[in-house]
Amino acid sequence: GRVAVWVPYSRRAEWADVTPVPQGDDGDGVVAIDYTPRFRETMDYFRAVMRSGEKSERALELCADAVSLNMANYVAWWYRRQVLFALGKDLRQELHWMITKVLGCPKNYQVWFHRRSLLEQLSGSLSSGGCAE
């Protein structure tokens, strides 16, 4: 099969309107963390999207990239939920999407908390007479 090649956000036309927000490491720390270029760029764009409050399909994809790079990133999971809810996404599809995340990281609290939050949202929609679609 074909292997997907990651294209930096800075080279994607659909991200040209976003100015990345660096982490702000000033070099005065005890130990500098040597992030991969992909991690650094993804998180710089993630911070920019969060700062602007953007809730869009591309923000949802960016959140997926952020959590794939660090499954324990609580903020990325939280923002993903905010985007899902704002876009009115089918939460059952999200539950299906995250099955591989749960199986790949069964002891990760953030993954399970995300799942629980989705189930609570679905339960609330159903019990209030709303449609969970």
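Eight is the number to start with: this predicted model has a count of 8 salt bridges. Here are three of them, side by side.

| Salt bridge | Closest N to O distance |
|---|---|
| Arginine 58 and aspartate 17 | 2.8 Å |
| Arginine 47 and aspartate 44 | 2.4 Å |
| Glutamate 120 and arginine 116 | 3.1 Å |

**A link between distant parts of the chain**

Let's take the pair of arginine 58 and aspartate 17, with its closest N and O atoms 2.8 Å apart. This salt bridge ties together distant parts of the chain, for arginine 58 sits in helix H2 while aspartate 17 belongs to the segment before H1, 41 residues apart. Are the two partners buried or exposed? Arginine 58 has a relative accessible area of 18%, and because the cut-off for buried is under 20%, arginine 58 counts as buried. Aspartate 17, at 59% relative accessibility, is exposed. The pair also has company: Asp17, Glu54 and Arg58 are joined in a network of salt bridges.

**Two pairs within helices**

Arginine 47 and aspartate 44 also meet through their side chains, at 2.4 Å from N to O. Both residues lie in helix H1, and their spacing of 3 residues puts about one helical turn between them. Aspartate 44 is buried at 12% relative accessibility, whereas arginine 47 is partly exposed at 23%.

Helix H6 (residues 109-127) holds glutamate 120 and arginine 116, 4 residues apart, or about one turn of the helix. Their side chains form a salt bridge with an N to O distance of 3.1 Å. Glutamate 120 is partly exposed at 45% relative accessibility, and arginine 116 is partly exposed too, with a relative accessible area of 46%.

**How H1 meets H2**

Now to the helices themselves. Two packed helices are described by the angle between their axes and the distance between the axes. For helix H1 (residues 37-52) and helix H2 (residues 57-69), the axes come within 10 Å and cross at roughly 140°. That angle makes H1 oblique to H2, because the class of roughly antiparallel takes angles over 145 degrees. The crossing of H1 past H2 is left-handed.

Which residues make the contact? From H1 come Arg38, Phe39, Thr42, Met43, Tyr45, Phe46 and Val49, and from H2 come Ala59, Leu62, Cys63, Asp65, Ala66 and Leu69. By type, the residues of this contact divide into 10 nonpolar, 1 polar and 2 charged.

Conventions: Residues are numbered from 1 along each chain as its sequence is written. This is a predicted model: local features need pLDDT of at least 70, side-chain atom pairs count only at pLDDT 80 or more; totals for chains, interfaces and linings use all residues. Side-chain values use heavy atoms; hydrogens and water are left out. Axes are lines fitted to C-alpha atoms, for helices over the stretch in contact, and angles run from 0 to 180 degrees between N-to-C directions. Angles under 35 degrees count as roughly parallel, over 145 as roughly antiparallel, 65 to 115 as roughly perpendicular and the rest as oblique. A crossing is left-handed if the near helix is turned anticlockwise from the far one by less than a right angle, and right-handed if clockwise. Contact means heavy atoms within 4.5 Å. Ala, Val, Leu, Ile, Met, Phe, Trp, Tyr, Cys and Pro count as nonpolar, Asp, Glu, Lys and Arg as charged, and the others, Gly among them, as polar. A salt bridge is a side-chain nitrogen of Lys or Arg within 4 Å of a carboxyl oxygen of Asp or Glu. Buried means under 20% relative accessible area, exposed over 50%, partly exposed in between (1.4 Å probe, protein chains only).
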